[in-house]
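Hi everyone, thanks for coming. Today I'd like to walk you through one structure, a few spots at a time. Please have a look at it first.

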Amino acid sequence: MRILILKGDGIGPEIVAAAETVVQSVSRRFNLGLELEYGEIGLESLESQGHTFPEETVAKMKASDGVILGPLHTAIYPAPEDGGVNPSGGTRKALDLFANIRPSRVRPGVPAHVKEMDVVIARENTEGFYADRNMAVGSGEFMPTEDLAISMRKITREGSARIAEAACKLAEQRSGKLTIVHKGNVMKLSDGLFADTVKEVASDYKLDIDEYFIDAMAALLVRKPEFFDVIVTTNMYGDILSDLAAELSGGLGLGPSINAGAEHCIAQAAHGSAPDIAGQNIANPTAMILSCGMLLDWLGTRHDRPELREAAKRIDDIIETQLGEESGRTTDLGGPLGTDAFGDAVAKRIEG
Ligand code: NAD
């Protein structure tokens, strides 16, 4: 099984290196036979090839079984016509990765802002407000004059239905509870279509369903996070809500995610490239490591290989043990470990 590694920008090379150490250890322990391959993306490929998202990398992604992708410092990329395409949007479009699955939970001993929380946010990943991926050709954002900027938000029945299916399946495997989040009181047509489609899909499942407007949901997630389980929502609401959930659980460095479609899956931490702490060996690689675990779990289900799912569970269990000890944490959580030492400690425990 071939796994493509793309380091990304900022803290990307550091957290991806720690995650790679863990993936190699789990591959040895469970005889997974993972073959790690490498490619260029982001600022690295901009320098060497003049493009942040080169065709060669897209081809490698398509040819691999799974991808580990570091965060990207997209805010400083040049314009797309000068080679600065956002690979996050690009991959979601090129590989049709319609489901962004972002779990967040409070783990024993980890300093968190709330006592109890175990949620998974299922975020629609290919349309909504995100102009770099929501159009078949061209951008969903444009300027008719120098003083007028327009963004088009796209919601389709098909896009809403497929994230709804993914969320319902997840809810079925978990507690059977699904919360639909939208802003249908104002965006009556677009969010109305999203909410109605999700409810239609969910009617085929035996689930306990409720719904909230996004603004109230942000407050409720802080006030009573233990009340929620699987949350399904549109692209931008899910992006924002998942950072909130990760921070509530202890910090952005704890929020993993996969971007999944019918045929491809990419492990990518929910957070960004954290330029403020890049190059200092202080970033928390937990989110990146857990994202790799989620990728292995996805591959295990897709290829009916239980050992991949066992490996994923082992990563999650060891992370829980590691974070449960103050001496096992990185500095953002009050511990003494650097990014690399954290990865090494998790890898050692996995094989121990
Ligand atoms: P960010 O998520 O990079 O950082 C926000 C804050 O969280 C910073 O203080 C940072 O130090 C901290 N943080 C993030 N990850 C951490 C980790 N693993 N360990 C410890 N602390 C961590 O958000 P930002 O500063 O708004 O964005 C920086 C860049 O990342 C921008 O160029 C943005 O466009 C990009 N971005 C990329 C992705 C992605 O590639 N998936 C996602 C979000 C933002």
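**A walk through the model**

Let's start with Asp191, which is buried: its relative accessible area is 0%. Before going further, please keep in mind that this is a predicted model. So where does Asp191 sit? You'll find Asp191 in helix H6, which covers residues 190-202.

Now, which residues does Asp191 touch, if we skip those up to four places away in sequence? The list is Arg153, His182, Lys183, Gly184, Thr234 and Tyr237. Two of these deserve a second look. With Arg153, the contact is polar and runs from side chain to side chain, at 2.7 Å. With Lys183, the partner is the backbone nitrogen, which lies 2.7 Å from a polar atom of the Asp191 side chain. You can also try a distance on your screen: from the C-alpha atom of Asp191 to that of Thr156 you should get 9.9 Å, and these two residues are 35 residues apart along the chain.

**The sheet**

Let's zoom out to the strands. How many strands form the open sheet, and in what order? There are 10, and they run S2-S1-S3-S12-S11-S4-S5-S10-S8-S9, with mixed pairing. At the edges we have strand S2 (35-38) and S9, and each of them pairs on one side only. Going from one strand to the next, the twist averages 25°.

Here is one pairing to trace with your finger. Strand S1, residues 2-6, and strand S3, residues 66-69, pair in the parallel sense, with four bridges between them. Within that pairing, Ile3 stands opposite Gly66 in S3. A helix belongs in this picture too: H7 packs on the sheet and touches strand S5 (118-124), strand S8 (177-182), S9 and S10. The direction of H7 makes about 110° with that of S9.

Let's stay with S8 for a moment. Is S8 mostly covered or mostly open? S8 is mostly covered, with six of its six residues buried. Lys177, Thr179 and Val181 point one way from the strand, while Leu178, Ile180 and His182 point the other way. S8 pairs with S9 in the parallel sense, over six bridges. In that pairing His182 stands opposite Phe213 in S9, and you may remember His182 as one of the residues that Asp191 touches.

**Aromatic rings**

Next come the rings. When we describe a pair of aromatic rings, we give the distance of the centres and the angle of the planes. How many aromatic pairs does the model have? The count comes to two. In one of them, Tyr212 and Phe228 have ring centres 5.7 Å apart and planes at 85°; an angle over 60 degrees counts as edge-to-face, so that is what we call this pair. This pair links distant parts of the chain, 16 residues apart: Tyr212 is in strand S9 (residues 208-213), and Phe228 is in the loop between helix H7 (214-223) and strand S10 (230-233). Both Tyr212 and Phe228 are buried.

The other pair is Phe227 with Phe228, again edge-to-face, at 5.2 Å centre to centre and 85° between the planes. Together, Tyr212, Phe227 and Phe228 form one aromatic cluster.

Are these two Phe neighbours buried or partly exposed? Phe228 has a relative accessible area of 3%, and because buried means under 20%, Phe228 is buried. Phe227 comes out at 33%, so Phe227 is partly exposed.

Phe227 has some charged company as well. The charged end of Lys177 sits over the ring of Phe227, 4.5 Å from the ring centre. The charged end of Lys224 also sits over that ring, 4.1 Å from the centre.

**One last stop**

Let's finish with Leu43, in helix H2, residues 42-49. Its relative accessibility is 29%, so Leu43 counts as partly exposed. Leaving out residues up to four places away in sequence, Leu43 touches Asp9, His73, Ile76 and Tyr77. And here is one more distance to try: the C-alpha atoms of Leu43 and Phe53 are separated by 9.3 Å, with the two residues 10 residues apart along the chain.

That's my tour. Thanks for listening!

Notes:
Residues are numbered from 1 along each chain as its sequence is written. This is a predicted model: local features need pLDDT of at least 70, side-chain atom pairs count only at pLDDT 80 or more; totals for chains, interfaces and linings use all residues. Side-chain values use heavy atoms; hydrogens and water are left out. Rings of Phe, Tyr and Trp (its six-membered ring) pair if their centres lie within 6.5 Å; planes under 30 degrees apart count as stacked, over 60 as edge-to-face and the rest as tilted. Helices (H or I, at least four residues) and strands (E, at least two) are DSSP runs, numbered from the N terminus. Buried means under 20% relative accessible area, exposed over 50%, partly exposed in between (1.4 Å probe, protein chains only). A charge sits over a ring if NZ of Lys or CZ of Arg is within 6 Å of the ring centre and within 35 degrees of the ring normal. Two strands pair if DSSP finds at least two bridges between them. Axes are lines fitted to C-alpha atoms, for helices over the stretch in contact, and angles run from 0 to 180 degrees between N-to-C directions. Contact means heavy atoms within 4.5 Å. A polar contact is a pair of N or O atoms within 3.5 Å; within protein, one must be able to donate a hydrogen and the other to accept it, and residues adjacent in sequence count only if both atoms are side-chain atoms.
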